[in-house]
Amino acid sequence: MRELSLHILDIIENSRRAEADLIKIKIEEIIDDNLLKIVIEDNGSGISQEKLNEITDPFITSRTTREVGLGLSLFKAAAESCSGEFKIDSQIDKGTRVAAKFEYDHIDRAPLGDMTTTISNFIAANGDQVDLVYQHQYQENSFKFDSREIKAELEDLSIQSRQIIAWIREYIGENLAEIRGGEAF
């Protein structure tokens, strides 16, 4: 995949299929430490230890629509090809945690990509069924988006409505630019 945000989207879609109703995404860009870290956690159905041992094999998938599952294996390869690490932990009925570290300035590291679109599109498609917490740190600056807080303010309007999704897109975009010192993604 050309952007890491597409890996993130693939993983949160896996979380949704695992019946998670809460997904947390945390991204840390610590340039001074030459580190990009991405952690995605959910409270879905989890993965058995047997399946977890082979989960990054591209020829293993739980999907019935195809015989291969490339998402996690490609994300792992992306991290490891950039002098990074990949780890996945899971417990049945408790959820799954995927973590990847990348050498920030590695020549082979894909760009992070458009997190604004990734988050807002996921909420547009799944926001009434799944809560999403997105935290992003850039050096010392950070911001947090929590769909539960938005839902608490809405009265008769769905978080999936066009007006709310447009506001979410603008809110995330502005905050990402702000923590980067006005630098757009």
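How many residues lie between E5 and E6 in the hairpin that they form? The hairpin formed by E5 and E6 has 2 residues between its strands, and Gln139 in the turn has a positive phi of about 55 degrees. The model is a predicted one, in which local features need pLDDT of at least 70 and side-chain atom pairs count only at pLDDT 80 or more, while totals for chains, interfaces and linings use all residues. Residues are numbered from 1 along each chain as its sequence is written, and side-chain values use heavy atoms, with hydrogens and water left out.

The hairpin belongs to an open sheet of 6 strands with mixed pairing, in the order E3-E4-E2-E1-E5-E6. Helices (H or I, at least four residues) and strands (E, at least two) are DSSP runs numbered from the N terminus, and two strands are taken to pair if DSSP finds at least two bridges between them. Strand E3 (85–91) and strand E6 (141–146) are the edge strands, each of which pairs on one side only. Neighbouring strands of the sheet are turned by 5 degrees against each other on average, direction ignored; axes are lines fitted to C-alpha atoms, for helices over the stretch in contact, and angles run from 0 to 180 degrees between N-to-C directions.

Within the sheet, strand E1 (residues 22–30) and E5 run parallel and are joined by 8 bridges, with Ile23 standing opposite Leu132 in E5. By contrast, E5 and E6 run antiparallel and are joined by 6 bridges, and the bridge partner of Tyr134 in E6 is Phe145. Strand E2 (residues 35–42) and strand E4 (residues 95–103) are likewise antiparallel, with 8 bridges between them, and Leu35 stands opposite Glu103 in E4. E5 is largely enclosed by the rest of the structure, because 6 of its 8 residues are buried, where buried means under 20% relative accessible area, exposed over 50%, and partly exposed in between (1.4 Å probe, protein chains only).

Helices are also placed against the sheet. Helix H3 (residues 71–80) lies across E2, E3 and E4 and runs at about 30 degrees to E4, whereas helix H6 (residues 162–179) packs on the sheet by touching strand E5 (131–138) and E6, its direction making about 165 degrees with that of E6. Helix H1 (residues 4–17) packs with H3 at an angle of about 145 degrees, the axes being 10 Å apart. This contact, meaning heavy atoms within 4.5 Å, is made by Leu4, His7, Asp10 and Ile11 of H1 together with Gly71, Leu72, Leu74, Phe75 and Ala78 of H3.

The largest nonpolar core, a set of buried Ala, Val, Leu, Ile, Met, Phe, Trp, Tyr and Cys residues joined through side-chain atoms within 4.5 Å, has 46 residues, and those with the most contacts inside it are Ile25, Phe102 and Tyr134. H6 gives the most to this core, with 6 residues. When residues up to four places away in sequence are not counted, Ile25 touches several residues, including Ile8, Ile12, Val39, Leu132 and Tyr134.

Some loop residues complete the description. Ala110, found in the loop between E4 and helix H4 (115–126), counts as buried at 18% relative accessibility, and is 32 residues from Ala78 in sequence but 7.8 Å from Ala78 in space, C-alpha to C-alpha. Asp93, in the loop between E3 and E4, is exposed, with a relative accessible area of 66%, and has a positive phi of about 65 degrees although it is not a glycine.
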